[in-house]
Amino acid sequence: MKKFAELQYVRPDMEKIFARVSGDIAVLKEAKNYEEFRNAYMDYVEADTELETSKTVAHIRNTINLLDEFYEAEMVYFNSQIPKYEILKKEMGEVIVASPFKAEMEKEFGAILIQNMEAQKQLSDESIVDDQVKEAELVSRFMKTQAAATVEFKGEQIGNYGLLKIMQSTDRAERKEAFEAWAKLYEGIAPTLEEVYDGLVKVRAGMAKKLGFKSFIPMGYLRRRRFDYTEKELEVFRKQVREVVVPAAAKLYERQKEALGIDTLYYYDESIASPSGNPVPIGDKEYLVGEAQKMYRELSKESGEFFDFMMEHELFDLDSKHGKRAGGYCTTLPQYHAPFIFSNFNGTDADVNVLTHEAGHAFAGFTAAKYQKTPELCHSTSEINEIHSMSMEHFAYPWMKDFFGEKADDYCYAHLADALMKIPYMLCVDEYQHKVFENPEMTTMERRAVWSGLEKIYMPWRNYAGNEFLESGAFWIKQQHIFLYPFYYVDYAMAQMGAFEFYTKMKEDRKAAWADYYKLCAAGGSMGYFDLLKYSGLHKVLEDGSVKIILKGVFEELGL
């Protein structure tokens, strides 16, 4: 494989791909034996892998610079073609599911592959192709609006990430000033973002109706391959979070208020843990990446091999720059079994978190590719995938001295506490989305009222210092998952429970904990959610009482 920047991108000829896959489907229908049947399926896998790799290269380069007209046009092309391709994949799945060779396919590739095909059957149809294109256009508009947003702060134009860094200043007046500018930035783009979201809600609800779902909720769950539970079972987890995690987080915020020596904890105080300031990395990007390479070599043979591969092929884009998409992600170039990490470094501890969290995703994908027969089986659902990333954050604790110097212990404590304190917000985001799609005709202000009400339940400590825009219930618009990935965000909270279990295990027996973690990574998406939890010795968070059991060790560590 070449370095990522040297990879040649050529727009795939979709007509040829359609013809090739159609040919594979014809062979599947007429196959006389399993070998012939399997060969046709694997030819489709090869074609699909090549297409997905080209699409991912274009996607990465588009998100690195949303102002690049060439790659913007390429994504428009893919967005127009992929819905048609999904219909072809649906036909293939229908043929396999109805085939006399289904049992042999399931034996070789696993039951989850068949479940994915059955889900595809329900999610693809000619009637929603135009809606899928519209959805992609709205998502693109959201990303461009957010990426281009800046506001004047102390005489210069600053974007979201720059303001978030200043909101960690030890000077409270400066934090407040940055917070007000940050709120002003989002207030300025709120009309556009809320218009976009209204369009997304309606187009998604419309697709669900056309496909015969009672609402977008079950359709959204099926998109996320949630085969093991429904929104009813998820409420058990929500209830546990409200009863166990919210009171614990409230205690930690009260402790933070006392440490800061202030009478009222405002939102702009939440992101700073002590009067001396948050631990910050002791080096620049090159230093941090170099230390990460040393860390992964020392952590295990497997992780060292992985990170050396990432470095050799320059599979990162970490700098924050104008026109770059917000946030961070890890994706995969399946043709090369190569992960890619995208982020926006801003000189805070979040930069180190990228080199553990996103690298956890990357390590899992890199590992699964060694053991799984197709790219599809290398990645599970997000409730599992986020265990990979969040657990890696905890496995990295012994090396934090190389990133934060004498502040390493402060970082590890703050990181563990912050992981717990974020969970109520994640459930707030999740319940908000459910309420929105239960009533997709709500107005903008009705949606804000819903958010405001949920904040009082999940984050009773939240205080916006009189900012009318945020007090109106507009805070949700900063969360890109709500726009891009419906119902995703709760997966972080569910996965954090698994990561907390690995953290407790590693304190008792680090070698055994790593073995279980590696086992989970290697399994990829070859099993369902509940089966993967059982396989790696983790609790089901949807069972009443599990959260309290899981958090026992974390509560002891944090003195709760």
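# A tour from strand β5 outwards

Begin by selecting strand β5 (residues 338-345), which is mostly covered, with eight of its eight residues buried. Keep in mind throughout that this is a predicted model. If you show the side chains of the strand, A338, F340, F342 and N344 point one way, while P339, I341, S343 and F345 point the other way, and all are buried.

**The sheet around β5**

Add the partner strands next, and an open sheet of three strands appears in the order β3-β5-β4, with mixed pairing. Strands β3 and β4 stand at the edges, each with a single partner strand, so one side of each is left without a neighbour in the sheet. Neighbouring strands here are turned by 15° against each other on average, when direction is ignored. Now bring in helix α2 (residues 34-64), which packs on the sheet and touches β3, β4 and β5, its direction making about 150° with that of β4.

Look at the two pairings in turn. Strand β3 (residues 316-319) runs parallel to β5 and is joined to β5 by three bridges; to find one of these positions, select D317, whose bridge partner in β5 is F342. On the other pairing, strand β4 (residues 329-333) and β5 are antiparallel and share five bridges, and here T331 stands opposite F340 of β5. Follow the chain through the hairpin of β4 and β5, which has four residues between the strands, and stop at H337, where phi is positive, near 50°.

**Salt bridges**

Stay with D317 for a moment and show the side chain of K321, since these two side chains meet in a salt bridge with an N to O distance of 3.1 Å. Is D317 buried or exposed? D317 is buried, with a relative accessible area of 14%, whereas K321 is partly exposed at 36%. This pair belongs to a wider set, as the count for the model comes to 45 salt bridges. Side chains of opposite charge can pair when their charged atoms come close.

For a second example, select K154 and E174, whose side chains meet in a salt bridge at 3.0 Å, N to O. This pair links distant parts of the chain, with K154 in the loop between β1 (151-153) and β2 (156-158) and E174 in helix α8 (residues 172-210), 20 residues apart. K154 is exposed, with a relative accessible area of 52%, and E174 is partly exposed, with a relative accessible area of 25%.

Then move to E235 and R242, where the side chains meet in a salt bridge at 2.5 Å, N to O. E235 has a relative accessible area of 28% and is partly exposed; R242, at 27%, likewise counts as partly exposed. Extend the selection to R238, D430, E431 and K435, and you will have a network of salt bridges that links these residues with E235 and R242.

**The nonpolar core**

From the charged network, turn to F237, which together with Y41 has the most contacts inside the largest nonpolar core, a set of 204 residues. The largest share of this core, 17 residues, comes from α8. In soluble globular proteins, nonpolar side chains tend to be buried together. To see the surroundings of F237, select L427, V490, A493, M494, M497, V541, L542 and V547, which are in contact with F237 once its neighbours within four places in sequence are left aside.

**Helix α16**

Next, select helix α16 (residues 408-421) and compare its ends: at 1.5 Å a residue, its 14 residues should span 20 Å, and the end C-alpha atoms are indeed 20 Å apart, which agrees. Which residues of α16 are buried? They are A408, Y411, C412, H415, L416, A417, A419, L420 and M421.

**The loop at P486**

The last stop is P486, in the loop between α20 (480-484) and α21 (490-508). Although placed in a loop, P486 counts as buried, with a relative accessibility of 7%. Show its contacts and, not counting residues up to four places away in sequence, you will find that P486 touches R204, F216, R224, Q433 and H481. Finally, draw a distance from the C-alpha atom of P486 to that of L200: these residues lie 286 residues apart along the chain, yet the two atoms are separated by 9.9 Å.

Methods
Residues numbered from 1 in each chain as written. Predicted model: local features only at pLDDT ≥ 70, side-chain atom pairs only at ≥ 80, totals over all residues. Heavy atoms only, no water. Salt bridge = Lys/Arg side-chain N within 4 Å of Asp/Glu carboxyl O. Helix = DSSP H or I, 4+ residues; strand = E, 2+ residues; numbered from the N terminus. Buried < 20%, exposed > 50% of the residue type's maximum accessible area, 1.4 Å probe, protein only. Pairing = 2+ DSSP bridges. Expected span 1.5 Å × (residues − 1). Axes fitted to C-alpha atoms, helices over the stretch in contact; angles between N-to-C directions. Contact = heavy atoms within 4.5 Å. Core = buried A, V, L, I, M, F, W, Y, C linked by side-chain atoms within 4.5 Å.
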